[in-house]
Amino acid sequence: MAGIDIFLQNVANGVLMGGVYALIGIGLTLVFGVMRTINFAHGDFVVLGMYSAVLFNALLGWDPYLSLLLAMPIGFLTGVIVERFILSRVIDAPPESALLATLGISLIIGNAILLTFGGEPRSVQVSYASSTFSIAGVNVSMVLLLAGIATVIMIAALYALLNRTEIGRAIRGTAENRLGAELVGIDTRRIHSIVFGLGVMLAVMAGVTLIPLLFATPTNTGAVFTLKAFVVTVLGGLGNVGAAIAGGILLGVVEVLGASYFMSEYREAYGLIAFLLILLFRPEGLFGRTVKRV
Amino acid sequence: MTKHLIGLGLLLAAGIAYPAIFPNNLTIAISVLLFAGWATSWDLLGGWNGQVSLGHASFVGLGAYFVAIGQSQFGLAPWWTMAMAAAFAAILGYFWGWLTFSLRGPYFSLSTIAVAEILRLVAINEDWLTGGATGVFIATLPEPFGIDLFSRTAQFYMALAFAAVVIATVIVISRARFGFQLRAVREDEDSAMAAGIDPTATKLKAFMLSAALTSIGGGIYGIVLAFIEPHVMFALLLSVQIALTAIIGGRGTIWGPAAGALVLVGAGEMFRTTFAEANMLIYGILILVVVLFVPRGIVGELARRHIRRLYAKRAQS
């Protein structure tokens, strides 16, 4: 294969992987944009999604994509409950409190999974796990393509929700100015619950689409995903849903290209270095317009 | 201050007698002391100065690696390598802080995770330096005055000395000019600046001191384990454990982090059989309880009640 083909292959892999990263990042950025809460448990909700697919597969023999039908509503409800009983109590406390609360939730989820499922890596075997097809000489993995399609559908649905519905308007209003939203009669506490529910739902969905590709382990994977989600959102600009998509794809491409052309063992580090650089020199993100002081 | 120092002296005396009374419970006592020392060091930066770091495992790892590699490859005695580790940790803390202290609040915490993770990847991948993912063994140790450093009793006294030195440092700082500067910066950086305090310099000093002290404890930890892996030493979970120990015990209090270490390591030991390797569950539950109901932590809440009672008594008389 010529150099350019390898390059295209790498870019394609990066973009597809980036789609999943974007899906993880959107949930985090949505929660941050509306609630100003940095959700440390986000990656653990992704892992929870992975295990829900494992569970439905083991109990009912369902395909991961079929289990989305149940996993997504359950994820939404989980998010609403967590927000109602924990996060809503610390929303007006200093910002570290919410961070510590989500850190606690993260530890509880990870270790509860560890107690239930044990420490060994779990996955779901699907018939299409290793099937690929090629477009113009570029091989595309079926699993990643399905994940990409799911991401696109989800983003379109989210876009419609945010921009075409009354509740979306209320969410955007709350994000813009919480007090102002309260003044025009929006129940911002309810909006916070809904938004956190959506965030968890997106995380769970990302987890389910990832399970044919990755093994789930209870405690470590959660932290990895949380970090990835932070990298994605900070690359794009915290609180900006559209930018999270670009950030996700950018992270996917940077990781794959960095790993194949420089030192592959530092694959994880490229995203983190980019994350630090952006945080330091362009805290509003690559695509952020408003300059906020952090 | 004298009151606290006397308290520390009494605890130290009790600690010196401990191995004679409970010769079979030394390993857990070493854990408590190391965590007490680490959490108290962390608290210098995280509690007294309000900069929540989630990357302190890097300094633990640094200390442990200095001791292990110094001993196994260069035959350097642990006390020299610990001093070198402390100096190097302070330098690392300086650059780390210089890089990230422009970020405030949760953003600073996020950046510490990123830096610590990069350091972890370096420790795993640079085999020539750290022995890579397989780890480093400490096979031999010198015997100063005929003391076997591999014995749990000797390690207990090292950990005891470490915790006592760290707590004494905090006691002195809490009443020194530097301690007031730390708290002023924590409460409001801009007002502190208006009062003539350089917030960045204060934070840098706190970070360097905190890093150096943590790495000394890391060196002792390396001797206790005698086998060092990057996955364990640089783990995000260890950083989280150190931070949560201090926060649950009581941020910005002298005895809070040590009390947190006693409670958390003790609880971890108690539930060891129930939870097996899921013992971080306790940390998760307790931090939620602390955030929701006792934001000052255990010792902070006790101190607040004590002060309220004093005022109530004074109002009555």
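Q: In chain A, where is confidence lowest and where is it highest?
A: This is a predicted model, where local features need pLDDT of at least 70, side-chain atom pairs count only at pLDDT 80 or more, and totals for chains, interfaces and linings use all residues. Residues are numbered from 1 along each chain as its sequence is written, with chains lettered from A and ligands numbered from 1 in written order. Going by pLDDT (the predictor's confidence per residue, 0 to 100), chain A averages 83, and 92% of its residues score at least 70. The low end, a mean of 74, is strand β1 (residues 132–135) of chain A, and the high end, at 91, is helix α8 (residues 188–210) of chain A.

Q: Is α2(A) parallel or oblique to α8(A)?
A: The axes of helix α2 (residues 42–60) of chain A and α8(A) come within 7 Å and cross at roughly 50°. Under 35 degrees would be roughly parallel, over 145 roughly antiparallel and 65 to 115 roughly perpendicular, with the rest oblique. So α2(A) to α8(A) comes out as oblique.

Q: What is the handedness of the crossing of α2(A) and α8(A)?
A: Clockwise turning of the near helix from the far one, by less than a right angle, is right-handed, and anticlockwise is left-handed. For α2(A) and α8(A), the crossing is right-handed.

Q: Which element gives the most to the side of chain B that touches chain A?
A: Counting contacts as C-beta atoms, placed from the backbone, within 7 Å, 34 residues of chain B meet 33 residues of chain A. Elements giving two or more residues to chain B's side are α5 (106–125), α12 (236–249) and α15 (280–293) of chain B. With 12 residues, the one that gives the most is α5(B).

Notes. Contact = placed C-beta atoms within 7 Å. Helix = DSSP H or I, 4+ residues; strand = E, 2+ residues; numbered from the N terminus. Axes fitted to C-alpha atoms, helices over the stretch in contact; angles between N-to-C directions.
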